[in-house]
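Biologist: This structure is new to me. Please put it up, and then walk me through it.

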Amino acid sequence: MLELNMYIDGKWISSTSGEKREVINPANGELIAVAAEGAAEDAKYAISVARKTFDSGIWSTLPFKTRAKYLHKIANLLEENAEEIAMLETLNNGKMLLAAKTDVQNTIDCFRYYASLITQPEGEMFNVGDSVQTIVIREPIGVCSLIVPWNFPLLMAAWQIAPALVAGNTFILKPSEITPVTAVKLFEIFEKAGVPAGVANLVMGPGSIVGSEMVDSNLVDKLAFIGGTETGQNIMRVAAENTKKISLELGGKSPNIVFADNDLEIAVDNALFNIFFNSGQVCTAASRLLIEESIHDQFVERLIERAKKIVIGHGNKSTSEMGPLVSEAHMQKVLRYIEIGKQEGATLASGGNRIIDNGCENGFFVEPTIFTNTRPDMRIVQEEIFGPVLVIQKFKDEEEAITLANDTVFGLAGAVFCKDIEKAMRVVKKIQAGITWVNCYHVATIQAPWGGYKQSGIGRGLGIFGLDEFSEIKQINVSYKAHPVGWFSN
């Protein structure tokens, strides 16, 4: 069993309260770790350390190339420990081991990308007069609070930490209290890489206590949060009180539009992956499937047939294709939504039950679930369930498909499957979402922006956009010789 402590000012410490939290393997309900349960005092301490460290300049004033070397060293150490870290991610989160290995590789790539990006030529210079030039430079923001979710614990942390670090900031990371294991391993790597004490700080504990302090503190300059929309809205209200800079990646209810000209087998295969990958616990999951009316019945029949054949099991088994939900509480939430769907009058066409056999008895497994005969006003159509639950909608033509696709408060992602590329591009441009695909899904590159429209968030991560989120942009106006202004006569 693992003992997990917090990392503040270059030291591993327990919480001031002495309290511990049990960390559970969601595949079998077994105890895998005991983590320090942080309190408000721990968060305050970590913030004060990050503030003092930033103000000292030991990190923020380092040359870009020097900070980049630290990130390359972190990436190398991650690579050396990739197998162990992937196994721990599967053990704690429940995801497929192959998916965990991909997460680790993407984490490595993220650190290397930002290490390279920061050393590229940048900045602007303008001639604004005979002897005056304006220079635009990038500077760090300061102290950053980073709050990340449980569905991609390591990768989501890296998406925030890499640009924050390389830009010259100090930070405090709070992982989900459900999935802290790989965050601790990541900080062990920071320590081995020689990241100066106080630059990178780890606190653990509930969002209502530790997270609230990280949001509210006047010593924090920037807050980055990935999670639910309701929590994000609360964070916005609090951050507004001291005009703290924020970036939010929030919920989604993403549409997958399938037109009749598709190869049915390919479209069905993609539709299954788009929702049931990672047990539906993906912010961009295509949880709404919009099918053109002329192929609806045939498509649904084949979809259900294949959904019933998905192999459910532990993530570390090579035969498994879909794992458990992350916790018992989350499983119960998903099951409640399934009951809501039935009560609202939708047809439960497949799945809908907890799995309690074939080695899944003590885990938090739910069958791949499909609802048909839905209405746009149903809660299961409008609200983010964040589990293996697919709702199917039917459309007659292109115009109705676009209307249905945009008929939620969310705007994170969406896709169009259509052989007519001109038509597909026309439709995808009308989807009100920040991350979109044509004839594919879940494809992501570090170089491209990541974020949503409407109530799916504020700001963009990844790429140069992610670096901008952790930077202040300053203009410096330089006159090569001072001259009298001549505005006042005396």
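**From one helix to the whole chain**

Biologist: What separates Lys342 and Glu339 in helix α11?

Modeller: Lys342 and Glu339 sit three residues apart in helix α11 (residues 328-343). Helices here are DSSP runs of H or I with at least four residues, strands are runs of E with at least two, and both are numbered from the N terminus. Because of that spacing, the separation of Lys342 and Glu339 is about one helical turn.

Biologist: Good start! What kind of model is this, and which atoms do side-chain values use?

Modeller: It is a predicted model, where local features need pLDDT of at least 70 and side-chain atom pairs count only at pLDDT 80 or more, while totals for chains, interfaces and linings use all residues. Residues are numbered from 1 along each chain as its sequence is written, and, with hydrogens and water left out, side-chain values use heavy atoms.

Biologist: Back to that pair: how far apart are N and O in the salt bridge of Lys342 and Glu339?

Modeller: Side chains of opposite charge can pair when their charged atoms come close. The rule asks for a side-chain nitrogen of Lys or Arg within 4 Å of a carboxyl oxygen of Asp or Glu. Lys342 and Glu339 meet it, with an N to O distance of 2.8 Å.

Biologist: Arg21 forms a salt bridge too; how many residues lie between it and its partner along the chain, counted as places apart?

Modeller: The partner is Glu37, and the closest N and O atoms are 2.8 Å apart. Arg21 belongs to strand β4 (residues 20-24), while Glu37 is in the loop between β5 (31-36) and α1 (40-56). The pair links distant parts of the chain, and its two members are 16 residues apart.

Biologist: Is Glu37 buried or exposed?

Modeller: Buried means under 20% relative accessible area and exposed over 50%, with partly exposed in between (1.4 Å probe, protein chains only). Arg21 is partly exposed at 26%. Glu37 has a relative accessible area of 12%, so it counts as buried.

Biologist: Which residues of helix α13 are buried, and where do they lie?

Modeller: In α13 (residues 398-405) the buried residues are Glu398, Ala401, Ile402, Leu404 and Ala405. Seen down the helix axis, they fall within an arc of 165 degrees (taken from the directions from the axis to the C-beta atoms), so they line one face of the helix. On the other side, Glu399 and Thr403 are exposed. The buried residues Glu398, Ala401, Ile402, Leu404 and Ala405 thus lie on one face.

Biologist: Which helix is included in what covers those buried residues?

Modeller: Contact means heavy atoms within 4.5 Å. The cover includes strands β13 (255-258), β14 (288-292) and β17 (389-395), and also helix α14 (421-428).

Biologist: Now the outside: which residues make the nonpolar surface patch of about 490 Å²?

Modeller: Patches are made of residues with over 30% relative accessible area and no salt bridge: like charges are joined within 9 Å, nonpolar side chains (Val, Leu, Ile, Met, Phe, Trp, Tyr) within 5 Å. Areas come from the Shrake-Rupley method with a 1.4 Å probe, and for residues only the protein chains shown count as cover. Trp487, in the segment after β23 (471-479), is exposed at 71%. The patch is made by Val485, Trp487 and Phe488.

Biologist: And the whole chain: what is its radius of gyration?

Modeller: The radius is taken over C-alpha atoms, and the globule rule is 2.2 Å times the number of residues to the power 0.38. For 490 residues, a compact globule would come near 23 Å, which agrees with the chain's 24 Å.
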